[in-house]
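Welcome! Here are a few exercises to work through at your own pace, each followed by a worked solution. Have a look at the structure first.

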Amino acid sequence: MIIPTRIAIVGAGPGGLTLAQILTRHGVAVSVFERERGPLERPQGGTLDLHVDSGQLALQRAGLEDAFNRIARYEDQGSRLMDQHARLLFEAPNPDAGDRPEVDRTALRQILLEALPAGCVNWGVGISAIRPVEHARWTLHQGEISHGPFDLVVGADGAWSKIRPLLSPYVPQYSGLTFIEFGIDDVDRQHPHIARLVGRGKLEVEGGAKAIIVQRNANAHLRGYAIFRVPTNWAAAPRSVSALKAQFEGWHADILALFEAANETVLTRHIYALPVGHRWSHRQGLTLIGDAAHLMSPFGGEGVNAAMLDAAELAQHLLRTPDCSAAVQAYENHMFERVMPAARDSAEGAATQLSHDSLALSLAHLHHHLMPQ
């Protein structure tokens with residue numbers, strides 16, 4: 001096995017940590033650089049469903065199948081669809097019968113971190129520049145502090161990657177959709193009526209060119225998103241849950257109860273994506289995985305799964321191919337084609353969200369993907 005002597009991964013999300021774990025498991029020295037000062041500096045987001053042939057496969061290659069099974073919530077795979085009048089239009093018949101169990105992002109990150117050698121992740125390192133040095137190597141710079149040189153730098157640093165501009169001129173474009181995030185704590189004990197409304201998994205409510213998605217997380221927490229098609233500088237953007245509720249005036253009382261039970265703080269999240277078919281010309285010593293390579297809207301649930309599969313496939317090429325540049329190029333050529341269907345579906349999902357027939361499209365999608373054939 002001949003691979004580069006020094007590999008840097010920028011970003012300690014699921015993709016970057018999966019790549020680090022697979023490589024270190026095979027004796028490869030890897031340095032991960034993360035701008036956050038520690039794993040608990042900020043919430044890592046909501047729940048994920050990991051797919052058998054991508055996210056779960058990557059964890060198997062990382063040797064973390066047992067650890068994943070300890071945190072996977074097979075019982076929370078349900079899906080419900082309602083209109084604004086609280087009429088139930090669809091409900092998955094067996095919430096625990098699927099093969100895409102839910103897992104909280106924080107728990108997934110934790111099992112990856114616990115598996116890595118001490119000192120592998122360098123916390124509090126925000127990369128400000130990447131510079132070429134001799135022999136097609138690269139140095140990473142944090143202000144006046146430099147790290148490297150490295151034979152390969154992998155950008156796993158998300159939507160606004162610092163590595164991407166060295167490979168591609170493209171930047172993420174706003175999809176037109178804005179999510180306003182809210183949360184409900186201790187729902188089973190404090191708000192059993194809302195727990196019943198949401199069910200075991202995800203609730204979607206659509207109507208009046210607006211939508212709400214609520215997902216069950218671990219520890220009886222619900223994470224919700226109110227969805228609007230608005231400009232990024234939307235003047236009426238709610239800054240509290242009370243203002244958010246006002247946006248849904250006239251909706252059924254059972255739906256409005258979600259806001260009445262929610263914590264007062266809300267977060268605004270604009271949804272961006274890279275163009276479908278985004279690719280770049282190979283450049284020795286650099287590559288991208290995950291959102292840095294193919295940022296998609298969340299419709300379809302492919303983002304983290306694609307990132308983790310990127311990591312597994314890149315690691316496999318590096319471990320099997322003597323020439324590092326050839327290994328990376330083989331990974332890139334395959335990845336560009338592999339993510340195309342998911343990126344296309346995600347883009348179509350974002351384009352049709354809140355359209356005049358989005359409720360009918362959502363219902364058809366759920367019947368196609370979740371009902372027994």
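**Exercise 1.** How many bridges join strand β13 to β14, and do the two run parallel or antiparallel?

*Solution.* Keep in mind that you are looking at a predicted model. Start by finding β13 at residues 201–207. Then follow its pairing with β14: the two strands run antiparallel and are joined by 6 bridges. For one pair to look up, take V205, whose bridge partner in β14 is I212.

**Exercise 2.** Place β13 and β14 in their sheet: in what order do the strands of this open sheet come?

*Solution.* Step one is to list the 7 strands, which come in the order β5-β4-β13-β14-β15-β12-β16. Step two is to look at the pairing, which is mixed. Step three is to check the edges: β5 and β16 (267–273) each have a single partner strand, so one side of each has no neighbour in the sheet. Finally, the turn between neighbouring strands of this sheet is 20° on average, with direction ignored.

**Exercise 3.** Find the loop residues A86 and N219. What is the sign of phi in A86 and in N219?

*Solution.* Begin with A86, in the loop that links β4 (78–83) and β5 (88–91). Its phi is positive, about 65°, although A86 is not a glycine. Move on to N219, in the loop between β14 (210–216) and β15 (222–229). N219 is not a glycine either, and its phi is a positive value near 60°. N219 is also exposed, with a relative accessible area of 74%.

**Exercise 4.** Which residues of helix α11 are buried, and where around the axis do they lie?

*Solution.* First locate α11: its 15 residues, 324–338, reach 21 Å from the first C-alpha to the last, close to the 21 Å expected. Next, pick out the buried residues, those under 20% relative accessible area: C324, S325, A327, V328, Y331, E332, M335 and F336. They lie on the same side of α11, because they cover an arc of only 160° around the axis. The general pattern helps here: an α-helix has 3.6 residues a turn, so residues three or four places apart point the same way. Now see what covers these buried residues: among the elements are α10 (303–320), α12 (340–352) and β11 (152–155). End at the N-terminal end of α11, which D323 caps with a side-chain oxygen 2.9 Å from the backbone nitrogen of S325.

**Exercise 5.** Which two residues does a cis peptide bond join?

*Solution.* Go to strand β10 (residues 145–150), where P149 lies. The cis bond joins G148 and P149, with omega about 10°.

Terms used
Residues numbered from 1 in each chain as written. Predicted model: local features only at pLDDT ≥ 70, side-chain atom pairs only at ≥ 80, totals over all residues. Heavy atoms only, no water. Helix = DSSP H or I, 4+ residues; strand = E, 2+ residues; numbered from the N terminus. Expected span 1.5 Å × (residues − 1). Buried < 20%, exposed > 50% of the residue type's maximum accessible area, 1.4 Å probe, protein only. Arc of directions from axis to C-beta. Contact = heavy atoms within 4.5 Å. Polar contact = N/O pair within 3.5 Å; in protein donor to acceptor, adjacent residues only side chain to side chain. Pairing = 2+ DSSP bridges. Axes fitted to C-alpha atoms, helices over the stretch in contact; angles between N-to-C directions.
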